[in-house]
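Hello! Here are a few notes from my read-through, set out as numbered points so that you can follow along in your viewer.

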Amino acid sequence: MSQKKNDNNIPNYYLYGTVLTRYGLASLNHDMRRGNKTTLQKGYWNGKIHSFVGSSAIRWALRFYLQKQGYLVNRVWDEDEHINRLTSEDFDPEQFYDDDIFGFALLESAETEDETSTTKRKKKQTKTSTPNQRMGALAMNMAVSLTPYDGAVKLGAKSGREKDSTSLHFTEYHATRYQYYFGINATHLKKFSRILPLIDGIMNIPKVGGSSNIFNYPFCPDSLVLHWTNHFASYISYCFEYCDPKSKEAKFTKEFIDEVECGQIDSSQLWIGGTIVKDLQQLHNFESSPFKKAHIYRNRNELIENLKTVITRDLGLEESK
């Protein structure tokens with residue numbers, strides 16, 4: 001267990017989590033239109049093609065949540081022009097929530113070109129300045145669908161009498177759930193209390209992966225596993241899978257259950273909530289299982305409020321307040 005203390009004389013704390021979304025229809029979730037076809041971002045997962053939602057899309061949604069809740073952010077999203085506007089080019093993690101939580105990197109360089117008279121070739125010499133950068137407290141991985149992509153496509157047509165080669169258009173879509181994994185280094189934050197609105201953002205995350213309100217996938221958690229710990233690493237990543245490919249129901253992976261039951265994961269540090277609780281309590285050995293030591297809540301909001309109380313205590317936020 002890593003108990004190294006920071007400048008505030010508090011042991012390092014980390015919050016890891018795997019979030020399972022509700023069942024929904026995903027489209028326009030990352031990639032761009034190719035001709036008259038709008039594609040999903042896809043890749044291999046467990047040997048089959050699944051659809052993905054990029055981590056940058058989830059991070060954008062969390063930053064937008066902070067902005068809409070009135071927290072001071074440096075990159076303010078202009079909803080009319082669809083562009084991020086910097087409040088200050090001098091990034092300041094003490095002042096701005098997003099500079100502290102998500103980090104930033106401002107890399108400046110100057111190039112000079114010298115042209116020789118003999119070869120007429122340009123030689124570039126790069127002068128690199130000291131980078132103005134900060135590693136964010138939040139690490140976010142991409143979301144992966146629980147089921148393989150089945151190739152579903154929706155056909156549409158442009159209105160009006162005049163038609164051309166792009167009048168028919170196709171949109172790939174995927175009826176599925178997504179799971180994504182994140183980690184928060186709480187004691188890396190300039191202000192520890194910022195972890196609390198970040199957790200609220202994960203629970204109330206706005207639209208992810210769409211634009212112009214064309215697409216809105218329900219990314220609020222259906223079930224979640226959180227790990228509040230002093231450990232530098234966690235073993236709870238991507239711990240969900242479908243009970244049956246034709247079912248909407250999900251369950252924990254055998255690997256995750258084994259890690260808890262063998263003691264690799266300290267179950268007393270786990271916070272488990274949502275619809276997955278019913279499946280968990282149906283384990284044949286649940287009453288004698290280490291899962292009994294976990295903090296288990298069917299009501300997700302109740303879980304979060306109690307977890308935030310523990311975080312407030314452990315980070316000494318009551319005293320600092």
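**Notes on a predicted model**

1. Let me begin with the surroundings of one helix. Among the elements that cover the buried residues of α4 are β19 (221-229), β21 (250-252) and β22 (270-274). Please keep in mind throughout that this is a predicted model.

2. Now to the helix itself. α4 runs over residues 254-261, and its buried residues are Phe-256, Ile-257 and Val-260. Looking down the axis of α4, you will find these buried residues within an arc of 100°, so they line one face of the helix.

3. What does the face of α4 turned away from the buried side carry? There you will see Lys-254 and Glu-255, both exposed, that is, over 50% relative accessible area. Beyond the helix, Gly-263 follows α4, and the phi of Gly-263 is positive, near 90°. That backbone angle may be a handy thing to display.

4. Next, a hairpin. Strands β7 (residues 75-78) and β8 (residues 83-86) are paired in the antiparallel sense, with four bridges between them. To check the register, take Arg-75, which stands opposite Leu-86 in β8. Four residues lie between β7 and β8 in this hairpin, and in the turn His-82 has a positive phi of about 55°.

5. On to the pockets. The second largest pocket has a volume of about 370 Å³. Its lining comprises 16 residues, of which Trp-45, Asn-46, His-50, Leu-146 and Glu-241 are the closest to the centre of the pocket. Two elements, β6 (48-53) and β20 (240-242), each give two or more residues to this lining.

6. Which element gives the most to the lining of the second largest pocket? That is β20, with three residues. As for chemical character, the lining of this pocket divides into seven nonpolar residues, five polar and four charged.

7. Finally, the chain as a whole. Its secondary structure comes to seven helices and 23 strands. The chain has 321 residues, and 45% of them are buried. Considering contacts with a separation of 6 or more, 69% are between residues 24 or more positions apart.

How values were computed: Residues numbered from 1 in each chain as written. Predicted model: local features only at pLDDT ≥ 70, side-chain atom pairs only at ≥ 80, totals over all residues. Heavy atoms only, no water. Pairing = 2+ DSSP bridges. 1 Å grid on protein atoms, 1.4 Å probe; cavity = no way out; pocket = protein on both sides within 12 Å on 5 of 7 lines; lining within 4 Å. Points joined across faces, edges and corners; volume = space filled by probe spheres on them. Nonpolar A, V, L, I, M, F, W, Y, C, P; charged D, E, K, R; others polar. Buried < 20%, exposed > 50% of the residue type's maximum accessible area, 1.4 Å probe, protein only. Arc of directions from axis to C-beta. Contact = heavy atoms within 4.5 Å.
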